[in-house]
Amino acid sequence: MRFLKACLFDLDGVLCNTAKYHFIAWKKLADRLGISFTERDNERLKGVSRMESLEILLSLGKKQYSPEEKRKMAAEKNGNYLALIRKMTRDEILPGAVDFLQYVRSRGIRTSLGSVSKNAGVILERTGLGRFFDSIVDGNRVTRAKPDPEVFLTGARDLGIPPENCAVFEDAQSGLIAARRAGMARIGIGNPEILTAAEFCIPGFSSMAPEKLLARIESAMEKRQKGA
Ligand code: B16
Ligand code: MG
């Protein structure tokens, strides 16, 4: 590949469906607080940090809470979440993701995980996905959540690859905006009407042969670099 040298992957919603566990864990807290919290509300939490997620959830209720109460609530949600993800298995990896990771690596393209989750390590270990990455950037390494580009710029720096030769796979608009700010190519996983910051979208990795997907990214990068 002339232009594509590294692929950077979001974790939740791209490689495995942990968004459902975040939802169950937040909902448990919301129910206890008497706050109505739906799957639609949960969409707003994707790619957002834990404390920002809590603020969004609490904004759906009427009560005000002290910083100490909020810290305890975030810890409670994380306990709910950890209990769920500690039971994960490799069966929860999304279809086509492992084939794509293996194909990319066989072509000499480097890989980085770019998640703002502090729990990414548990998920990588439970699913066995960790071995597919040359670099792992998670919420324990970065201080700024998406849409800040820190998570992806750190990954590119780990790999020693310039941002313009990196492609990001993301299921959240906040993550795609982070990738755009980082100056990287952007592939949305999901609905193009929602993921408007993507250069193009696919429903998932099983929807297209890996070589076709790489060719499509390479041509998008080539166009962008010629236009620049
Ligand atoms: P934690 P990603 C993000 O992960 C999730 O999308 C978001 O819903 C979550 O609040 C955030 O991680 C923090 O996660 O509470 O586990 O530290 O999409 O960047 O892989
Ligand atoms: Mg995600």
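This passage describes the cysteines, the salt bridges, the surroundings of ligand 1 and one contact between distant residues in a predicted model.

The cysteines were examined for covalent pairing. A disulfide is a covalent bond between the sulfur atoms of two cysteines. A search of the whole structure returned 0 disulfides, and the distances between sulfur atoms show why two of the cysteines remain unpaired under a cut-off of 2.5 Å. For Cys16, the closest cysteine sulfur belongs to Cys7 and lies 17 Å away, which is too far for a bond. For Cys166, the closest cysteine sulfur is again that of Cys7, at a distance of 8.7 Å, and this too is too far for a bond. Cys16 is buried, with a relative accessible area of 0%, and Cys166 is likewise buried, its relative accessible area being 0%.

Salt bridges, in contrast to disulfides, are present, and a search of the whole structure finds 16 of them. One of these joins Asp134 to Arg105, with the closest N and O atoms 3.3 Å apart. Because Asp134 lies in the loop between helix H6 (120-127) and strand E3 (135-137), whereas Arg105 belongs to helix H5 (residues 97-106), this pair ties together parts that are 29 residues apart in sequence. Asp134 is partly exposed, at 35% relative accessibility, and Arg105 is also partly exposed, with a relative accessible area of 31%. The side chain of Asp134 meets that of Arg110 in a further salt bridge, for which the N to O distance is 3.6 Å. Here the loop between H6 and E3, which holds Asp134, is linked to strand E2 (residues 110-114), which holds Arg110, and the two residues are 24 residues apart. Arg110 counts as partly exposed, at 34% relative accessibility. Asp134 thus takes part in a salt bridge with Arg105 and in another with Arg110.

A salt bridge is also formed by Arg141 and Asp158, whose closest N and O atoms are 2.8 Å apart. This pair links distant parts of the chain, since Arg141 is in the loop between E3 and helix H7 (150-159) and Asp158 is in helix H7 itself, with their positions 17 residues apart in sequence. Arg141 counts as partly exposed at 42% relative accessibility, and Asp158 is partly exposed as well, with a relative accessible area of 37%. Elsewhere, salt bridges that share partners join Asp10, Lys146 and Glu170 into one network. Within this network, Lys146 is placed in the loop between E3 and H7 and is buried, with a relative accessible area of 3%. The side chain of Lys146 makes a polar contact of 2.9 Å with the side chain of Asp10, and a polar contact of 2.8 Å with the side chain of Glu170.

The surroundings of ligand 1 were considered next. Ligand 1 is surrounded by 18 residues, of which the closest are Val48, Arg50, Ser115, Ser117 and Asn119. Sorted by class, this shell comprises 5 nonpolar, 7 polar and 6 charged residues. Polar atoms of the protein approach oxygen atoms of the ligand from both side chains and backbone: a polar side-chain atom of Ser117 lies 2.7 Å from an oxygen atom of ligand 1, a polar backbone atom of Val116 is 2.9 Å from an oxygen atom of the ligand, and a polar side-chain atom of Ser53 lies 3.4 Å from a ligand oxygen. Taken alone, ligand 1 exposes 460 Å², and the protein buries 97% of that area.

A final feature concerns Asp99, which is placed in helix H5, the helix that also contains Arg105. Asp99 is exposed, with a relative accessible area of 51%. Although Asp99 and Pro210 are 111 residues apart in sequence, their C-alpha atoms are 7.6 Å apart in space.

Notes
Residues are numbered from 1 along each chain as its sequence is written. Chains are lettered from A and ligands numbered from 1 in the order in which they are written. This is a predicted model: local features need pLDDT of at least 70, side-chain atom pairs count only at pLDDT 80 or more; totals for chains, interfaces and linings use all residues. Side-chain values use heavy atoms; hydrogens and water are left out. Buried means under 20% relative accessible area, exposed over 50%, partly exposed in between (1.4 Å probe, protein chains only). A salt bridge is a side-chain nitrogen of Lys or Arg within 4 Å of a carboxyl oxygen of Asp or Glu. Helices (H or I, at least four residues) and strands (E, at least two) are DSSP runs, numbered from the N terminus. A residue is near a molecule or strand if one of its heavy atoms lies within 4 Å of it. A polar contact is a pair of N or O atoms within 3.5 Å; within protein, one must be able to donate a hydrogen and the other to accept it, and residues adjacent in sequence count only if both atoms are side-chain atoms. Accessible areas come from the Shrake-Rupley method with a 1.4 Å probe; for residues, only the protein chains shown count as cover. Ala, Val, Leu, Ile, Met, Phe, Trp, Tyr, Cys and Pro count as nonpolar, Asp, Glu, Lys and Arg as charged, and the others, Gly among them, as polar.
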